[in-house]
Amino acid sequence: MQTWWGFIFIFIFIFSLCLCTFTIFKSLFNFTSKTQIPRSKLPLPPGPSIISIFINFLIFLWRRRMTIFDMEPLLHRLKLRYGPLFTLGFKSKPTIFIADHSFAHIALIQKGAFFSDRPKSQQLMPISKIFNSNAHRISSAKYGQTWRFLRRNLTSEMLHPSRFKTYSTARRWVLDLIVQRLVSQQTKPVLAMDHFRYGIFCLLVFMCFGDKLDEEKVKEIETLQRNWLLNLGRIGSFMFWPKLGRIFLGNRWKELIQVRKNQEDIFIPLIRARKKGKKQSNSDKEEEEEEGEKSVAYVDTLVDLQLPEEKRNLNESEIVSLCSEFLNAGTDTTATALEWIMANLVKYPAIQTKLYEEIVEIVGNPPSLKPSSDHKSEVVVNVNEEDIQKMPFLKAVVLEGLRRHPPAHFVLPHSVTEDVELGNFLIPKTATVNVLVAELGWDSEVWENPMEFKPERFLMNSMSTVNGGDGRQLFDITGKRGIKMMPFGAGRRICPGYGLALLHLEYFVANLIWYFEWTAMDGNDIDLSEKQEFTICMKNPLSAYISPRVNTF
């Protein structure tokens, strides 16, 4: 058995050596050709040699469980050695990392028009065309008219602040679901993430398809989407040599195609049903629905959308991709951030008490949870959207949670549309650019004691209601006035749903703390270790005791 493992490792080593040698010669040829000579004489940002990269690559192969998250210590060391702007890869197609607030602001805000494209590999490779519907998704579309059109539709029809109130009934419905699930398990430690993810997913499914689906159907869609996310890492096998990948990894290719087919089999009937219902409602304008139920669903905005460049409507496969993107982008990121915030409130009871006192000061003591006919507890009164606007400490808690535990430690890869100068270095148009998000939020030169959870650091940037203000945060989460942290990205490719995400986090944190006291398990501290999944989540998920602030019965 050991002989076989030795043979396999030698084969991998020789194959990797040949592959790297070929790539080196190819990059040298490309770099010396006239088409690759940059107009500027500026150098690339510094970085390790090709030999060093090759050695680390072999280490990655040897440590087969290595993930992208495990690269963070390496990238931190590279930052310390080469500075806040450094290069990995070959000169012909380098990957450039930004680990500095001012450089990030220059690139993403001041020169955002040049840094807002996506790498072509996300748009042109066969597997990307299948999963991204030929780059007809907001996150992967190239910087251009189609991207602007799809993004404008989402931000104006679904994510504009004026639309948020139309989903207040749906939020209260989801809060009720979460409360029922929590109360049913209050005699034992609650595994919070399961309830958070389910509730957030129910809300986004409603916003996407316009219907309150039963639990079985929601679970089916949730399992499908989780399977899709877990298979994202396997797409990389087909990114660089897709034809060889399909030959040598044929079974994996078939599995990915089946994942996509399953997604279409579930989503397309929902899309068609909504489309049919929309036609019926248009023929009967007098039919009134419950407030909140009349909200526009994301599918409603897509079925008649005509792409300006191609002068055609979106096909069903493209609508499936956009709906999948909507669900994935808003579920795990929000649920993960919610778990991190609640974990810190459990770990630091004094902060939880201070937040509870602010909530009570604004809305009064919580009511008892009213038992329903099926012996479940239901929400009769909740902290609403207007209430949370008067709670500066609540907003500070949420912002501190996002700073200390950003759901993603990197942004999605950017590419530049032409050669750009940044910090006396050249960023060539062949480069892929990324930003070390966590490094920015943990920078001790910007944040005092950055690894501590201190919501008070944001109170200096808020308008206190005591002084006649309205409690709104003056902190610029978008980074337009200067990037200090960027949990939602920044610039033209900033997450379009950041406003809705902040509202959801504030809403659910406020209500969960108002209704329940959260305490750590006896003798156990809250472990804030991290691990990489689709987002950066808790290595040991939050498990805590809850007790209603007012007796349920």
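Lys-311 sits in the loop that links β4 (306-307) to β5 (312-313). This is a predicted model, and in it the phi angle of Lys-311 comes out near 50 degrees, on the positive side even though the residue isn't a glycine. The side of the story about solvent is simple: Lys-311 has 66% relative accessibility, so it goes down as exposed.

Asn-424 tells a similar tale. You'll find Asn-424 in the loop between β9 (420-422) and β10 (425-427). Its phi is near 65 degrees, again a positive value in a residue other than glycine. With a relative accessible area of 55%, Asn-424 counts as exposed because the cut-off is over 50%.

Here are the loop residues with their accessibility values, with Lys-142 added.

| Residue | Loop | Relative accessibility | Class |
|---|---|---|---|
| Lys-311 | β4 (306-307) to β5 (312-313) | 66% | exposed |
| Asn-424 | β9 (420-422) to β10 (425-427) | 55% | exposed |
| Lys-142 | α6 (126-131) to α7 (145-157) | 48% | partly exposed |

Now for Lys-142, which belongs to the loop between α6 (126-131) and α7 (145-157). Why does Lys-142 count as partly exposed? Its relative accessibility is 48%, and exposed means over 50%, so Lys-142 lands in the partly exposed class. Lys-142 also has company: together with Lys-93, Lys-120 and Lys-429, it makes up a patch of positive charge on the surface.

On to the sheet. Four strands line up as β1-β2-β11-β8, giving an open sheet with mixed pairing. The edge places go to β1 (85-88) and β8, each of which has a single partner strand, so one side of each has no neighbour in the sheet.

How do the strands around β11 pair up? Strand β2 (residues 95-98) runs parallel to β11 (residues 432-435), and 4 bridges join the two. One residue pair you can pick out here is Thr-95, whose bridge partner in β11 is Thr-432. Strand β8 (residues 414-415) goes the other way, pairing with β11 in the antiparallel sense over 2 bridges. In that pairing, His-414 has Val-433 of β11 as its bridge partner, while Ser-415 stands opposite Thr-432. Thr-432 therefore turns up twice, as the bridge partner of Thr-95 and opposite Ser-415.

Technical notes. Residues numbered from 1 in each chain as written. Predicted model: local features only at pLDDT ≥ 70, side-chain atom pairs only at ≥ 80, totals over all residues. Heavy atoms only, no water. Patch = residues over 30% accessible without salt bridge, like charges linked within 9 Å, V, L, I, M, F, W, Y side chains within 5 Å. Areas by Shrake-Rupley, 256 points an atom, 1.4 Å probe, with all protein chains shown as cover. Salt bridge = Lys/Arg side-chain N within 4 Å of Asp/Glu carboxyl O. Lys, Arg positive; Asp, Glu negative; His and termini not counted. Charge placed at Lys NZ, Arg CZ, Asp CG, Glu CD. Buried < 20%, exposed > 50% of the residue type's maximum accessible area, 1.4 Å probe, protein only. Pairing = 2+ DSSP bridges.
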